[in-house]
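The following exercises concern a structure shown below. Each task is followed by a solution that proceeds step by step.

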Amino acid sequence: MSKDPILEVNGLTKHYPVAKGILFSREVGRVRAVDGIDFSIAEGETLGLVGESGCGKTTTSRLVLGLEPPTAGEVLLEGVSAQDLTGRDRQDYHAKVQAVFQDPWSSLNPRMHVGEIVGESLRISKWGTRAEIEERVAALLVEVGLRPEHARQYPHEFSGGQRQRIALASALAIGPKLIVLDEPVSALDVSIRAQMMNLLKDVQEQDNVAYLLVAHDLATVRHMSEWTAVMYLGEIVEYAPTELLFENVRHPYTRALFSAVLPDHPDGREEEIVLTGEVPSPLDPPGGCRFHTRCPFAMDICSQVAPTLTESESGHLAACHLEE
């Protein structure tokens with residue numbers, strides 16, 4: 001990236017122990033949810049993280065948010081490690097890294113007015129006087145396309161798209177450096193998805209906030225992201241500037257994901273790549289390349305040696321022996 005990164009993820013790993021037995025339980029294995037990934041996000045830019053369900057996207061977002069400790073590796077925000085933060089430092093980290101989730105209803109307290117929800121972080125941090133906080137809340141509601149008088153209403157009085165705007169206003173309240181967007185538009189009607197995506201881009205341009213966009217919808221990722229990382233079974237298999245990735249796919253798994261998406265034009269449909277078999281268990285991932293059990297181009301070396309992310313033009317990386 002040409003800009004200095006505001007977020008750096010180095011060797012990030014999360015393994016969950018699996019125990020057997022009740023009275024005398026013992027560890028019988030580990031679920032390798034995230035297995036040594038690296039990426040970075042520059043100020044005011046968006047990284048899209050895509051892949052099938054169970055590939056490790058949501059676990060990655062939870063690690064970045066500090067909701068779970070990593071097994072190994074580190075998350076750096078503005079060059080400072082997020083691990084082992086305590087007290088005021090930990091509060092500062094959570095103020096700088098906010099989230100907007102797929103279902104805004106689950107993150108909005110139904111017993112609180114919208115104004116209380118949006119201004120909660122400001123009150124906790126003693127940001128200003130009551131009048132100053134009310135003024136800030138009114139400005140935030142306007143910024144996300146709502147009206148100041150909406151502050152007196154409850155979440156159930158709003159549509160899904162409006163509730164997502166309230167969640168965004170709440171995330172923006174304290175002035176974060178990074179917002180994790182976990183499937184932010186997938187629960188919305190198709191007719192208002194574009195509105196929400198454009199709002200997110202407008203807010204990003206105005207506030208210079210960075211986004212980590214976790215999504216399975218490739219159209220959303222292409223519209224919103226400067227960079228895209230593709231995950232499979234806990235690993236990043238392809239990582240590149242978004243337009244370069246969409247124009248020149250280098251990994252067979254990414255090609256299969258893209259082939260299943262409807263094209264922009266009826267004549268633009270490529271032959272769909274049908275992946276055989278099920279996604280292997282992260283409890284016992286295959287040796288070598290983890291995708292080789294489903295890859296239509298697998299060679300003998302694929303089951304024996306794990307490929308490394310190799311770089312080609314313009315920072316395009318792919319982990320595939322075909323590339324090597």
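**Exercise 1. Describe the lining of the largest cavity.**

Solution. The largest cavity has 13 lining residues, and those that lie nearest its centre are Pro252, Cys289, Cys295, Cys302 and Cys320. A cavity is defined on a 1 Å grid over the protein atoms alone as a set of points where a 1.4 Å probe fits but cannot get out, and lining residues have an atom within 4 Å of a point. The model is predicted, with local features requiring pLDDT of at least 70 and side-chain atom pairs pLDDT 80 or more, while totals for chains, interfaces and linings use all residues. Residues are numbered from 1 along each chain as its sequence is written, and side-chain values use heavy atoms, with hydrogens and water left out.

Next, sort the lining by class. It holds 10 nonpolar residues, three polar ones and no charged ones. Here Ala, Val, Leu, Ile, Met, Phe, Trp, Tyr, Cys and Pro count as nonpolar, Asp, Glu, Lys and Arg as charged, and the others, Gly among them, as polar.

Finally, consider the volume. The largest cavity contains about 80 Å³ of space, where a volume is the space filled by probe spheres set on the grid points, which are joined across faces, edges and corners.

**Exercise 2. Determine how many cavities of 30 Å³ or more the whole structure has, and characterise the second largest.**

Solution. The search finds two cavities. The second largest has a volume of about 30 Å³. Its lining consists of Gly66, Ala82, Leu85, Arg90, Tyr93 and His94. By class, three of these residues are nonpolar, two are polar and one is charged.

**Exercise 3. Identify which elements line the largest pocket.**

Solution. A pocket is an open set of grid points with protein on both sides within 12 Å along at least five of seven lines. The largest pocket has a volume of about 840 Å³. Its lining comprises 28 residues, with His94, Ala95, Val97, Gln98 and Ser121 nearest the centre.

Then assign the lining to elements; helices (H or I, at least four residues) and strands (E, at least two) are DSSP runs, numbered from the N terminus. Helix H2 (87-96), E6, helix H4 (114-124) and H6 each contribute at least two residues. H2 gives the most, namely seven residues. The lining divides into 13 nonpolar, nine polar and six charged residues.

One may add a view of H4. Its buried residues (under 20% relative accessible area with a 1.4 Å probe, protein chains only; exposed is over 50%, and partly exposed lies in between) are Val114, Gly115, Ile117, Val118, Gly119 and Leu122. Their cover includes helix H5 (130-143) and H6, where contact means heavy atoms within 4.5 Å. Just after H4, Lys126 has a positive phi of about 55°.

**Exercise 4. Trace the order of strands in the open sheet of eight strands.**

Solution. The order is E6-E7-E8-E3-E9-E10-E12-E11, with mixed pairing. Strand E6 (97-100) and strand E11 (310-311) form the edges, each pairing on one side only. Two strands pair if DSSP finds at least two bridges between them.

Now follow the pairs. Strand E7 (residues 178-182) and strand E8 (residues 210-214) run parallel and are joined by five bridges; Val180 has Leu212 as its bridge partner in E8, and Asp182 has Val214. E3 and E8 also pair in the parallel sense, over four bridges, with Gly48 matched to Leu213 in E8.

Last, add the helices. Helix H6 (residues 160-172) lies across E6 and E7 at about 175° to E6. Helix H7 (residues 190-207) crosses strand E3 (46-50), E7 and E8, running at about 155° to E8. Axes are lines fitted to C-alpha atoms, for helices over the stretch in contact, and angles run from 0 to 180 degrees between N-to-C directions.

**Exercise 5. Explain why strand E9 (residues 227-232) is described as largely enclosed by the rest of the structure.**

Solution. Six of the six residues of E9 are buried, so the strand is largely enclosed by the rest of the structure. Trp227, Ala229 and Met231 point one way, and Thr228, Val230 and Tyr232 the other way.

Then examine its neighbours. E3 and E9 pair in the parallel sense over four bridges, and Leu47 is partnered by Trp227 in E9. E9 and strand E10 (residues 235-241) pair in the antiparallel sense over six bridges, and Thr228 is partnered by Ala240 in E10. E9 and E10 form a hairpin with two residues between them, and Leu233 in the turn has a positive phi of about 50°.
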